[in-house]
Every structure is written in structure tokens, then in C-alpha cells.
Amino acid sequence: MRKKVMFISSAGGHLSELLMLSKLFPKYNYTIITEKTASTTYLTKKYPKKVSFLCYGTKDHLLTYPFKLLANCFKSLYLYLKIRPEFIVTTGTHTAGPMCCIGKIFGSKIIYIETLANIKTKTATGRLIYPFADLFIVQWPSMLKLYPKARYGGWIY
């Protein structure tokens, strides 16, 4: 029986980084979760029956963001209980935070890969997940100063 692994990230660059792990997907009973946008709908054809979507919402939309975040928390709980992954692998950001918290509560192992875009500063999601991640990977050696318990993994690209 292959391990259940959830790969989750927001759309855009975080998803691009996450999809660099696609060679690993066939080794697991996997699910991909991201935000539903015009640029992510192709995933349902590329990975049939393996993709679920959350609401798209960035902090740039201050009026709707709190409501979308709350909706995504409830949808994350639903998807988590439906999938029951043993591992959650994420490159962040706000889409992944609630899912990782839910996963930790229910006993999933959390693997967080801090984004390549940050060389000298922590991301908000990285700060949230670092204290409880089972494996926290950084892509720059300089980030080990900010996250001393992390592992340097090199570039994901």
C-alpha cells in the first residue's frame, strides 16, 4: 500500500515549485491541492482525479480575504478528512497554512519547503509552520540562520 501524500500550495510561484516534485507523485497515493484560477484548471487534465481546489484569495484583496480564508479553512478540514494523508508536503503560502495546522492536529507528518524567492527573510507561512513541521527545508544556506533546525535542500528547480 502506497503512502497517502497531499501536495498543497497556493497558485503561482509556490505551485511552480511544488510541481517540480511531480516525479515523486507516482510513488505515492497523492493528491494535489491549490487555488482555483484560470492558470490552474489545466491540472485536472494533467492529473485526473488527483486535484482539488480551494478559493483563490490573496492578502491584496483586503475586503474579501478574511472571508475566503475562513471558507478555505472549512474546505481544508473537509478535504483533510476525506483524504486523510499521512504526509503533507507544501511550498506555502496562505492556502497551505490551515491545512498544515489541521494535519498536525490529526497526526500527519508535515514537510515544508521554504520558497526559493526568500534569501534573507522568513515568509509568514514559514514562521507559522516552522515550530511544528516534521521536516523544514530551505533552499538557500543563508536561511539556516533564520531557521536553525531546518535542512538545506538546495534549489528545487
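The following questions and answers describe a predicted model of one protein chain.

Visitor: What should be known about the numbering and the cut-offs?
Guide: Residues are numbered from 1 along each chain as its sequence is written, and side-chain values use heavy atoms, with hydrogens and water left out. The model is predicted, and local features need pLDDT of at least 70, side-chain atom pairs count only at pLDDT 80 or more, and totals for chains, interfaces and linings use all residues.

Visitor: In what pattern do the helices and strands follow along the sequence?
Guide: Elements are DSSP runs numbered from the N terminus, helices being H or I of at least four residues and strands E of at least two. The protein chain has five helices and seven strands. Read along the sequence, the pattern is β-α-β-α-β-α-β-α-β-α-β-β.

Visitor: What is the radius of gyration of the protein chain?
Guide: The radius is taken over C-alpha atoms, and the globule rule is 2.2 Å times the number of residues to the power 0.38. For 157 residues that rule gives 15 Å, and the protein chain is close to this, so it is as compact as a globular protein of that length. The radius of gyration is 15 Å.

Visitor: What share of the residues counts as buried?
Guide: Buried means under 20% relative accessible area, exposed over 50% and partly exposed in between, with a 1.4 Å probe and protein chains only. Of the 157 residues of the protein chain, the buried share is 49%.
 
Visitor: How many aromatic pairs are there?
Guide: Rings of Phe, Tyr and Trp (its six-membered ring) pair if their centres lie within 6.5 Å; planes under 30 degrees apart count as stacked, over 60 as edge-to-face and the rest as tilted. By this rule the count is ten.

Visitor: Why is the pair of Phe-25 and Tyr-30 stacked?
Guide: Phe-25 is buried at a relative accessible area of 1%, and Tyr-30 is buried at 11%. Their ring centres lie 4.9 Å apart and the planes are at 25 degrees, so the pair is stacked.

Visitor: Which parts of the chain does the pair of Phe-25 and Tyr-47 link?
Guide: The pair is edge-to-face, at 5.5 Å centre to centre and 70 degrees between the planes. Tyr-47 is buried, with a relative accessible area of 8%. The two residues are 22 residues apart, and the parts linked are the loop between α1 (13–19) and β2 (29–35), with Phe-25, and the loop between α2 (43–46) and β3 (51–54), with Tyr-47.

Visitor: Which residues do ring pairs link into a cluster?
Guide: Phe-25 pairs with Tyr-30, and Phe-25 also pairs with Tyr-47. The cluster consists of Phe-7, Phe-25, Tyr-30 and Tyr-47.
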